[in-house]
Amino acid sequence: MKIVETEQELRACYPVMKALRPHLLSEDAFVAQVMRQREQDYHILAVWQDDEVVALAGYRYQENTVYGRFLYVDDLITAEQHRSRRWGALLLGKLTVFAEQAQCARLVLDTALTNVLGQRFYFREGLLPGALRFGKVIA
């Protein structure tokens with residue numbers, strides 16, 4: 001498991017991220033998106049087996065008046081053929097350590113109301129729902 005740093009490593013993450021974010025239509029678009037998000041302290045932590053990414057978590061450190069300083073998990077996904085091997089739990093555990101080291105008050109993530117399997121996983125990992133987020137599509 002390591003933090004993704006190079007463009008080549010980002011490209012290796014694309015097939016796994018594409019399963020979670022199908023609107024990312026190409027490797028180039030994905031790399032460009034991540035480079036822009038890095039300006040907002042975005043990082044990807046990836047689990048590798050041999051030369052293949054099998055799971056990843058995109059995260060950033062943020063601060064607001066709701067939580068204070070917190071670690072926000074943008075993305076958490078395991079490649080379908082590698083699920084049920086505890087990669088998600090391993091990633092969440094490492095992100096919790098990162099949050100503690102950065103003196104964050106919380107680790108926060110959002111999930112779709114329809115993501116029942118994901119919610120079951122989050123409950124099992126000790127994450128509890130704390131809000132219902134509302135949004136409005138602008139463009």
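## Arginine 60 and its sheet

In this predicted model, strand β2 (residues 42-49) is joined to β3 by 8 bridges, and the two strands run antiparallel. One of the residues in β3 (residues 52-64) is arginine 60, the bridge partner of tyrosine 42.

Both strands belong to an open sheet of 5 strands with mixed pairing, in the order β1-β2-β3-β4-β5. The edges are held by β1 (2-3) and β5 (106-109); each has a single partner strand, so one side of each is left without a neighbour in the sheet.

Arginine 60 has a relative accessible area of 6%, so it counts as buried, the cut-off being under 20%. Its side chain makes a polar contact of 2.7 Å with the side chain of glutamine 40. Leaving aside residues up to four places away in sequence, arginine 60 touches Gln37, Gln40, Asp41, Tyr42, Phe70, Leu71, Tyr72 and Asp74.

The protein chain as a whole contains 4 helices and 5 strands, arranged along the sequence as β-α-α-β-β-β-α-β-α. Its radius of gyration is 15 Å, which agrees with the value near 14 Å for a compact globule of 139 residues. Further values for the protein chain follow.

| Property of the protein chain | Value |
|---|---|
| Span of the C-alpha trace along the principal axes | about 40 × 35 × 35 Å |
| Buried residues | 37% of the 139 residues |
| Contacts joining residues at least 24 apart, among those between residues at least 6 apart in sequence | 52% |
| Exposed area | about 9,000 Å² |
| Share of the exposed area from carbon and sulfur atoms | 52% |

How values were computed:
Residues numbered from 1 in each chain as written. Predicted model: local features only at pLDDT ≥ 70, side-chain atom pairs only at ≥ 80, totals over all residues. Heavy atoms only, no water. Buried < 20%, exposed > 50% of the residue type's maximum accessible area, 1.4 Å probe, protein only. Polar contact = N/O pair within 3.5 Å; in protein donor to acceptor, adjacent residues only side chain to side chain. Contact = heavy atoms within 4.5 Å. Pairing = 2+ DSSP bridges. Rg over C-alpha atoms; globule rule 2.2 N^0.38 Å. Areas by Shrake-Rupley, 256 points an atom, 1.4 Å probe, with all protein chains shown as cover.
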